[in-house]
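The report that follows goes through a protein chain by its fold, its backbone and its surface. Please keep the sequence and the structure at hand while reading.

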Amino acid sequence: MAEKNIQASPSAAATNGQHPTSDEESATLPSQELKRKKRIKLAIYISAFVVVQIIVITTFALTVMRVKSPKLRLGAISVQTLNASSSTPSFDMTFTTQVRIKNTNFGRYKFDATNARFMYEDRAVGQVRIPKSKAGMRSTKKIDVTVSLNSKELPSRSRYNLGNELKTGVLSLRSEARLAGKVELMFVMKRKKSAKMICTLEFNLSTKKIQYLHCYY
């Protein structure tokens with residue numbers, strides 16, 4: 001019986017060996033490219049989200065969570081009585097003003113009671129009580145006070161200087177105060193902060209009015 005030689009064609013061999021045809025290859029490449037682009041877009045979106053979150057957190061930390069010391073100062077002064085004598089020398093006076101506590105934080109400031117002292121040179125001539133209270137978030141607390149001052153406790157040296165000053169028609173005083181309290185953030189966090197004030201006051205003896213007031217912190 002004659003022997004038959006059977007030869008497989010190259011295309012059949014390739015099919016049997018599971019090698020992709022040119023049509024299959026052309027269909028697979030766009031699919032892989034599409035997946036690669038999707039992965040790139042996803043990575044870009046994630047990176048952008050992370051950057052935005054970092055910016056938000058940094059801004060929050062630098063503004064909302066940053067705690068500043070409140071500012072303490074005196075408001076406008078209205079003189080009620082003012083009597084002064086360069087020959088004695090002596091003075092006594094009464095005036096009304098406002099103690100102002102400016103809180104620029106994103107949380108209320110609760111402070112304890114304290115005294116604002118008024119001095120001639122380095123000697124106290126009177127004081128006023130600042131009661132325990134609180135200043136709201138990003139607001140100014142205003143406390144009306146009446147101040148009475150006199151020179152009764154001044155030593156002889158200060159009285160001598162006072163007599164010379166009263167002859168010029170001006171009375172110069174200084175006021176100092178310090179508040180101790182806490183700033184409350186998010187109703188949970190509390191940060192201790194103090195507020196300080198030093199004010200220079202000049203009263204005109206002729207007009208019996210304040211002619212100069214400057215407070216610094």
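Where is Pro89 found?

## A cis peptide bond

Pro89 is found in the loop between β2 (78-85) and β3 (90-103). In this model, which is predicted, the peptide bond that leads from Thr88 to Pro89 is cis, and its omega is near -20 degrees. Most peptide bonds are trans.

## Overall architecture

The protein chain has three helices and 11 strands, and from the N terminus on these elements follow the order α-α-β-β-β-β-β-β-β-β-α-β-β-β. Among the contacts between residues at least 6 apart in sequence, 65% join residues that are at least 24 apart.

Of the 217 residues in the protein chain, 29% are buried. The chain exposes about 14600 Å², and carbon and sulfur atoms supply 53% of that area.

## Positive phi angles

Most residues other than glycine have a negative phi. Glu121, a residue other than glycine, has a positive phi near 55 degrees, and Glu121 is found in the loop between β5 (114-120) and β6 (123-130). With a relative accessible area of 34%, Glu121 counts as partly exposed, because that class lies between the buried limit of 20% and the exposed limit of 50%.

Arg138 is not a glycine either, and its phi is positive, at about 50 degrees. This residue belongs to the loop between β7 (133-135) and β8 (139-150). Arg138 has a relative accessibility of 51% and therefore counts as exposed, the class for values over 50%.

## Surface patches

Which residues gather in a patch of positive charge on the surface? They are Arg66, Lys68, Lys71, Arg73, Lys102, Arg138 and Lys142. Arg138 thus brings together a positive phi and a place in this patch. Another member, Arg73, is found in strand β1 (residues 71-74). Why can Arg73, with a relative accessible area of 31%, meet the accessibility condition for a patch? Its value of 31% makes Arg73 partly exposed, and patches take residues with over 30% relative accessible area, so Arg73 meets that condition.

On the surface there is also a nonpolar patch, which is formed by Leu42, Ile46, Phe49 and Val50 and has about 390 Å² of accessible area for these residues together. Leu42, one of the residues in this patch, is found in helix α2, which spans residues 22-62.

Key
Residues are numbered from 1 along each chain as its sequence is written. This is a predicted model: local features need pLDDT of at least 70, side-chain atom pairs count only at pLDDT 80 or more; totals for chains, interfaces and linings use all residues. Side-chain values use heavy atoms; hydrogens and water are left out. Patches are made of residues with over 30% relative accessible area and no salt bridge: like charges are joined within 9 Å, nonpolar side chains (Val, Leu, Ile, Met, Phe, Trp, Tyr) within 5 Å. Accessible areas come from the Shrake-Rupley method with a 1.4 Å probe; for residues, only the protein chains shown count as cover. A salt bridge is a side-chain nitrogen of Lys or Arg within 4 Å of a carboxyl oxygen of Asp or Glu. Helices (H or I, at least four residues) and strands (E, at least two) are DSSP runs, numbered from the N terminus. Lys and Arg count as positive and Asp and Glu as negative; His and the chain ends are not counted. The place of a charge is taken as NZ of Lys, CZ of Arg, CG of Asp or CD of Glu. Buried means under 20% relative accessible area, exposed over 50%, partly exposed in between (1.4 Å probe, protein chains only). Contact means heavy atoms within 4.5 Å.
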